[in-house]
Amino acid sequence: MKSSIKSDPVSTQTKNYTQEWNQPVQRLPKIILSLSLLILVFSMDRSYADEPITIKKTDRCPVCGMFVYKYPKWVAQIVFKDGTSYFYDGAKDMFKHIFDTSKYTPGKSAEAMKDIFVTDYYEVELIEAKSAFYVIGSDVLGPMGHELLPFKDQESAQEFLEDHKGKSIIRFQDVTPVIIESLDHRT
Amino acid sequence: MILHPTVIANLLAVYISSGMVLYAVFYGVQILKHWDIQNGHELQLVLERKTYLISTILSYVFGLQLLSLFLFIFTADSLTPLFVGAMCAAGTLNVDAFGYPTLVLKIFSFILAGLWLVLNYADNQGYDYPLIKKKYLLLAFVAPFIILETILESAYFLSMEADVITSCCGSLFSSERVTGIGSEIASLPARPMMWVFYFTMACTLTSGIFFYLKNAGGYLFTVLSVLMFIISLISIVSFISLYIYELPTHHCPFCIIMEEYHYLGYLLYLLLFGAVVSGIGTGALIPFRRVESLQFMLGGFIRKLALASVILYAAFTALVTYEIVSSSLVISYEVVY
Amino acid sequence: MIELRNVNKVFNAGNPSEFSALNSVNLLIEENQVTVLKGPSGSGKTTLLSIVGCMSRPSAGRVKLQGREITSLPERFLTDIRRKTFGFIFQQPNLIKGISVLDNVMLPAYPLGEKRSHLKIKAMKSLSELNIDNKAASKVEWLSGGEAQRASIVRALINDPHIIIADEPTAHLDTKLSNRFMEIIEKFKSQGKTVIITSHDPLVYESSMVDRVVNLRDGQIEG
């Protein structure tokens with residue numbers, strides 16, 4: 001899962017255009033160019049919607065064994081440094097894997113995780129898990145029951161919380177095994 | 001109530017079964033009280049005619065009963081999309097308090113129904129209805145199970161609510177949870193359990209083959225086949241499922257019936273249940289080998305039953321072994337699940 | 001030998017049209033004898049014959065065939081005995097139209113699974129003994145009354161049964177053919193077979209080869 005644009009720093013790219021920059025040519029195309037570059041830069045670390053995710057029919061969540069292809073709106077993914085990746089049927093199971101990695105995948109540890117993605121509930125596209133906003137305590141149920149619903153920004157998370165009686169919005173680092181357990185035990 | 005075609009089919013099957021069984025029991029009681037093959041009274045002749053009809057009806061009813069166990073599991077599996085948190089039959093059965101009791105009772109009914117069919121077949125081979133009283137006594141014993149099963153199954157389907165969050169099989173059969181028999185079995189250590197499974201299977205198969213060849217030790221074989229049945233069920237949860245799913249923590253015995261696993265579960269359970277019924281049937285018929293009208297066929301039939309049981313258990317073991325060997329899962333000795 | 005003990009037969013029991021065809025019949029039919037059941041129509045002769053021949057069951061009572069109780073036998077055993085022990089000759093030849101005489105004659109032997117070639121030889125031999133082998137391939141519609149009757153006799157004999165049952169066999173035959181029929185019966189007797197005939201034809205029940213005449217009236221045996 002590589003993004004279509006290599007993660008080159010902006011400075012390298014602008015260096016290529018420095019010469020053009022100093023040319024006494026029309027300003028308009030340059031403005032348009034720089035604006036496009038800015039937009040591209042700011043949208044780069046937000047969504048990976050343009051890449052197709054190939055979930056095989058046989059892919060199962062290592063925590064609960066469910067077949068992930070049945071729930072495309074809830075897919076979460078973790079890519080390990082050795083290239084292997086696992087799919088989950090919700091953010092909750094993903095967190096369960098993170099908290100007890102060797103139980104569900106013996107021989108692997110949480111430190112070996114490279115990229116973590118979750119699916120934004122409104123946009124239905126993969127977003128970075130570490131920067132997402134999670135709503136807990138809402139009345140929307142995922143395939144595993146009560147869930148953490150991921151959103152790419154505070155505003156959409158807040159909007160969802162108000163619409164669906166959510167209890168709170170938490171960040172990736174705030175999630176603890178206690179919170180996960182409380183989601184499991186709610187009826 | 002959820003008007004799913006499978007639910008209707010299940011309820012219809014179980015009501016028809018109960019109705020026919022009650023009708024049969026009514027005449028069965030008469031037969032048990034008044035049957036006397038020697039006298040030529042009108043009642044006796046009427047009962048002789050009636051038993052022909054009732055045996056035929058019950059053969060079909062109990063045949064239906066055998067199928068209905070699998071239909072029930074299939075239904076539970078099909079209804080999973082309706083319940084949040086359910087991903088296989090395990091979740092659907094947990095939707096209300098009647099699901100699992102119904103399943104347990106259905107398993108009992110299956111075995112008793114199979115036993116009745118074996119007894120009925122043997123009885124029909126004799127020209128003077130040699131086993132008729134035993135047959136109807138067994139029917140009287142089976143009838144309450146079937147009635148109870150009907151009540152429980154009705155309660156299960158009728159009290160199903162769609163807005164219930166049910167447990168996923170991952171947690172029902174997890175080795176973490178302390179309560180519940182599911183997790184108690186799941187937390188049995190896998191490697192030792194494998195040894196128990198294969199060792200007992202070897203004993204059972206040997207005993208069966210010995211009986212087939214030497215015509216001795218039939219009761220031992222019956223006891224072993226029942227024991228093997230229980231051990232096999234435990235083994236499925238404890239370690240066999242792990243290899244089929246290739247997931248070290250997934251012990252659920254119901255996910256293996258799903259399409260993604262090529263409906264393997266149905267085949268495994270079919271072999272297993274067939275094996276235990278023929279094993280028990282063997283033991284049930286041994287006492288009647290001396291009966292005059294069955295002299296010429298019963299011995300051979302019992303041995304064939306034993307052989308059938310052996311073959312079914314062997315096929316089960318072969319399938320399980322194939323799954324273990326071809327699985328990409330490796331259960332390391334140190335890790336105890 | 002055939003033994004009937006307290007045999008009753010009631011039709012339409014419980015209905016207003018209830019009819020008692022046989023009433024406490026006790027009868028012993030000896031082996032290797034020709035027994036004639038005689039009586040007016042409605043006396044129960046045919047009913048009695050059908051019970052003896054395992055074709056129907058009594059409403060009460062027991063029937064023993066060569067020591068073996070047959071009234072309580074399950075159907076699958078009864079069909080076996082019926083096929084192997086009895087040969088039936090009816091009032092009408094009851095041959096099946098559209099197939100040949102040979103096929104008709106071999107019919108009762110099909111369930112026994114004998115090889116067809118063997119069966120054919122047996123059937124042809126039987127047909128020639130009654131002088132209708134030349135008609136073996138003809139359609140039954142072309143047979144005369146006597147020929148048809150003889151074909152039905154061959155059919156009754158195809159499984160080499162021990163007991164021959166004939167229900168009013170001479171009802172549609174003229175004197176000559178009736179006499180011919182009785183000669184055939186005598187031959188059965190000499191072969192060791194048992195013959196039971198119902199008839200109200202004097203030519204039959206007054207014949208010299210008849211060993212015993214049983215009189216039936218209103219479902220009971222007289223005398």
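**Exercise 1. Which residue is the bridge partner of A:Tyr134 in strand 9 of chain A?**

Setting first. This is a predicted model, where local features need pLDDT of at least 70, side-chain atom pairs count only at pLDDT 80 or more, and totals for chains, interfaces and linings use all residues. Residues are numbered from 1 along each chain as its sequence is written, while chains are lettered from A and ligands numbered from 1 in the order in which they are written.

Solution.
- Step 1. Find the strands. Strands (E, at least two residues) and helices (H or I, at least four) are DSSP runs, numbered from the N terminus.
- Step 2. Look at strand 5 (residues 133-136) of chain A. It runs antiparallel to strand 9 of chain A, and 4 bridges join them. Two strands pair if DSSP finds at least two bridges between them.
- Step 3. Read off the partner. A:Tyr134 is bridged to A:Ile170.

**Exercise 2. Describe the sheet around these strands.**

Solution.
- Step 1. Give the order. The sheet is open, has 3 strands in the order 8-5-9 (chain A), and its pairing is antiparallel.
- Step 2. Name the edges. Strand 8 (149-151) and strand 9 (168-171) of chain A each pair on one side only.
- Step 3. Add the twist. From one strand to the next it averages 35°.
- Step 4. Find the packed helix. Helix 6 (residues 154-163) of chain A touches strand 5, strand 8 and strand 9 of chain A, and its direction makes about 10° with that of strand 5 of chain A. Contact means C-beta atoms, placed from the backbone, within 7 Å. Axes are lines fitted to C-alpha atoms, for helices over the stretch in contact; angles run from 0 to 180 degrees between N-to-C directions.

**Exercise 3. Classify the packing of helix 4 and helix 7 of chain A.**

Solution.
- Step 1. Know what to report. Two packed helices are described by the angle between their axes and the distance between the axes.
- Step 2. Take the values. Helix 4 (residues 91-99) and helix 7 (residues 177-185) of chain A pack at about 140°, with axes 10 Å apart.
- Step 3. Apply the cut-offs. Under 35 degrees is roughly parallel, over 145 roughly antiparallel, 65 to 115 roughly perpendicular, and the rest oblique. Helix 4 and helix 7 of chain A are therefore oblique to each other.
- Step 4. List the residues. Helix 4 of chain A gives A:Lys92, A:Phe95, A:Lys96 and A:Phe99; helix 7 of chain A gives A:Pro177, A:Ile180 and A:Leu183.
- Step 5. Sort them. The contact has 5 nonpolar, no polar and 2 charged residues. Ala, Val, Leu, Ile, Met, Phe, Trp, Tyr, Cys and Pro count as nonpolar, Asp, Glu, Lys and Arg as charged, and the others, Gly among them, as polar.

Notes:
Two residues are in contact if their C-beta atoms, placed from the backbone, lie within 7 Å.
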